[in-house]
Amino acid sequence: MITGYSVATLVVFIISIGFVIYPVTIPAPRPISRIPINLTTAPILAIAILWAAQCLDPAVIRGGIVGTDGVKPYNILILFFSLAYMAITLDITGILQSAAFWVSNKGGSNGWKLYTYFYLMLTLLSILLGNDPVILSGTAFLIYYTKVAELNHISWLMSEFAAANTASMVLFVGNPTNVVICEGFSVNNAAFTAYTILPFIACSVFCFFALGGQYRDPKYVPRRLNHAADLDARSVLLDPIGACVGSFMLGSALVLCLVVSFFGIDVWKISLPFAVAKFIYDVAWDHYRFVRQIPMLGRGQKGPDEIAVQPDDGVMLQDVQTVADNKSRHRQSTLPLPATDKVNSFPDSDRALINKSPPPSSKTLVARWRSKAIALHKRMHTHFPTFFTALPRLPFALVPFAFSQFILIEALSHQGWIDVFGTWLLRATHGEMYRTIWLIGVLGVILCNISGTNIGATILLTKVVRAASPLLSDQTIRAAAIALAVASNIGAVSFTFSASLAGLLWRGILKQKGIIVTQTTFAYWNALPLVVMTIAGLSVVCAEMAVLY
């Protein structure tokens, strides 16, 4: 039964999503100059308000953290972070950039040939590594490449974004939403790939043709490139041994995760030990090279003052956009960018604390401790560059956001809204499989834009389908799960940057490089590929279900 508490819960949930899409900052007295209300803080504030208003209780919060109905948030996050660490440390070795250089050489001066090769390369890498590492390295490389080759950056960057997000639907570890679906609908991890591989192929092929159609003007993709330098792929492979070890460990982890899923074992129990082993290897290998004075990550054994580090890792917890800036700065140390693109080791505020005389009275001790902390971080970064380069790249903003979304949607369920939505689903589809596929698929794409990233949309629709499941056939439930998998991945190639964490990361990297892509431009160039992929992907899901059932 819907009550005043139910209405209040839904209103607060919608308002929190509004701040995720359009973040704001509120002026505050010192020492905090401004308080951000964004992807990280808005859901947490919503939970606090609902708790204070007695719209939820500790049991609801516990359910959102521990999980209900077979969905275990901690399982999802441990799995995702374990694989993300291995993928990011593999990227740090320079293997992705080396692959980009190799593809560039193969494409030569033929514009469309090169455009196709880049699309295929980004697609393949995103299948194996997930979209975030590929967007991180691919964006930085394409910004540099299009600048040197005097190309229109928008066509190449939009293609990269579409390819990376579409390919992440293939493996269950490619996107956090895939893990939510496997957990929520009890889909075997290997079966997930079997179900999504054909929709992925259809989406990827039709997306490429849509991109080719809207960028057919030579000003976007010229037939012949004016500048086609031969790039040395080996020169950017910074750690060949680390690349081999990292590739073997990541590949082994993925294969074992697929195998153990047949035996009902939680896959995080496989991925976490592999991540710990990779961390131990990174620390040991960096220490060995440091002691033997072997160049690390493409640099000679320099003193601490010569190594560029991140002065404030804590900022990565505040906003995904800031995380993107930090990530992009780290890549600059490995990309052969012009000198004007280099970043100072310390912000001006930290330089002032080190260079000028200590401030009077009580501030002296704070300044001393801060300068010591910065110096310690520099030394540690010099000694263990792999770990300290990977650490700020990990998507820590995902932790509070994901748990908050689970708690808020658990609150909606507690207040009866999920049952209401489930009833609406049944009335709209009459329990028919093909209607359910199209409704869930289209709703999934739309909700990615208006429900706080594709993670929030996936959690919500998973709960709704499960609420309606007593009156749905097993075939219809499975069809809804696959339609949602397609929608949650292609939904990132959408109208708002906040449709996915990858979109916020992508925008942040571009902004740090001085490239501004407006919301209108982003939506305009994504509209045709999104419509085409939605129709193609859901049509293939319908065809699969027709053959199977």
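Contact means that heavy atoms lie within 4.5 Å of each other. Helices (H or I, at least four residues) and strands (E, at least two) are DSSP runs, numbered from the N terminus. The structure shown above is a predicted model, in which local features need pLDDT of at least 70 and side-chain atom pairs count only at pLDDT 80 or more, while totals for chains, interfaces and linings use all residues. Residues are numbered from 1 along each chain as its sequence is written, and side-chain values use heavy atoms, with hydrogens and water left out.

The confidence of the model should be considered before its details. The pLDDT is the predictor's confidence in each residue, from 0 to 100. For this chain the mean pLDDT is 83, and 87% of the residues reach 70 or more. Over residues 300-354, however, the pLDDT is below 50, although this stretch has 117 contacts in the model beyond near neighbours in sequence. Where pLDDT is low, the predicted coordinates should not be read in detail.

The chain as a whole comes next. Its secondary structure comes to 23 helices and 2 strands. A residue is called buried under 20% relative accessible area, exposed over 50%, and partly exposed in between (1.4 Å probe, protein chains only). Of the 549 residues of the chain, 57% count as buried. Among contacts between residues at least 6 apart in sequence, 79% join residues at least 24 apart.

Helix α9 (residues 176-185) illustrates burial, for 10 of its 10 residues are buried. Among them are P176, V180, E183 and F185. Against which helices do the buried residues of α9 pack? They pack against α4, α10, α17 (398-414), α20 (453-468) and α21 (474-490).

After α9 comes S186, which lies in the loop between α9 and α10. The phi of S186 is near 55 degrees, a positive value in a residue other than glycine. Most residues other than glycine have a negative phi. S186 counts as exposed because its relative accessibility is 58%. H430 also has a positive phi, of about 55 degrees, although it is not a glycine. H430 is placed in the loop between α18 and α19, and H430 is exposed because its relative accessible area is 57%.

A loop residue may also be buried, as L231 shows. L231 lies in the loop between α10 (189-214) and α11 (240-260), and it counts as buried because its relative accessible area is 17%. Leaving aside residues up to four places away in sequence, L231 touches F101, S104, N105 and Y145. L231 and F101 are 130 residues apart along the chain, yet their C-alpha atoms are separated by 5.7 Å.

A charged residue may be buried too. R289 is found in helix α12 (residues 268-291), and it counts as buried because its relative accessibility is 2%. The side chain of R289 is joined to that of D286 by a polar contact of 2.4 Å. A polar contact is a pair of N or O atoms within 3.5 Å; within protein, one must be able to donate a hydrogen and the other to accept it, and residues adjacent in sequence count only if both atoms are side-chain atoms.

The empty spaces of the model remain to be described. On a 1 Å grid over the protein atoms alone, a cavity is a set of points where a 1.4 Å probe fits but cannot get out, and a pocket is an open set with protein on both sides within 12 Å along at least five of seven lines; lining residues have an atom within 4 Å of a point. Grid points are joined across faces, edges and corners, and a volume is the space filled by probe spheres set on the points.

The structure holds 10 cavities of 30 Å³ or more, and the largest encloses about 210 Å³. Its lining has 19 residues, of which F80, A84, A87, L129 and P133 lie nearest the centre. Helix α4 gives the largest share of this lining, 5 residues.

The second largest pocket has a volume of about 410 Å³. Of the 18 residues that line this pocket, F421, W424, L443, L447 and L460 are the closest to its centre. Helices α1 (4-21), α18 (417-429), α19 (433-450) and α20 each supply at least two residues of the lining.
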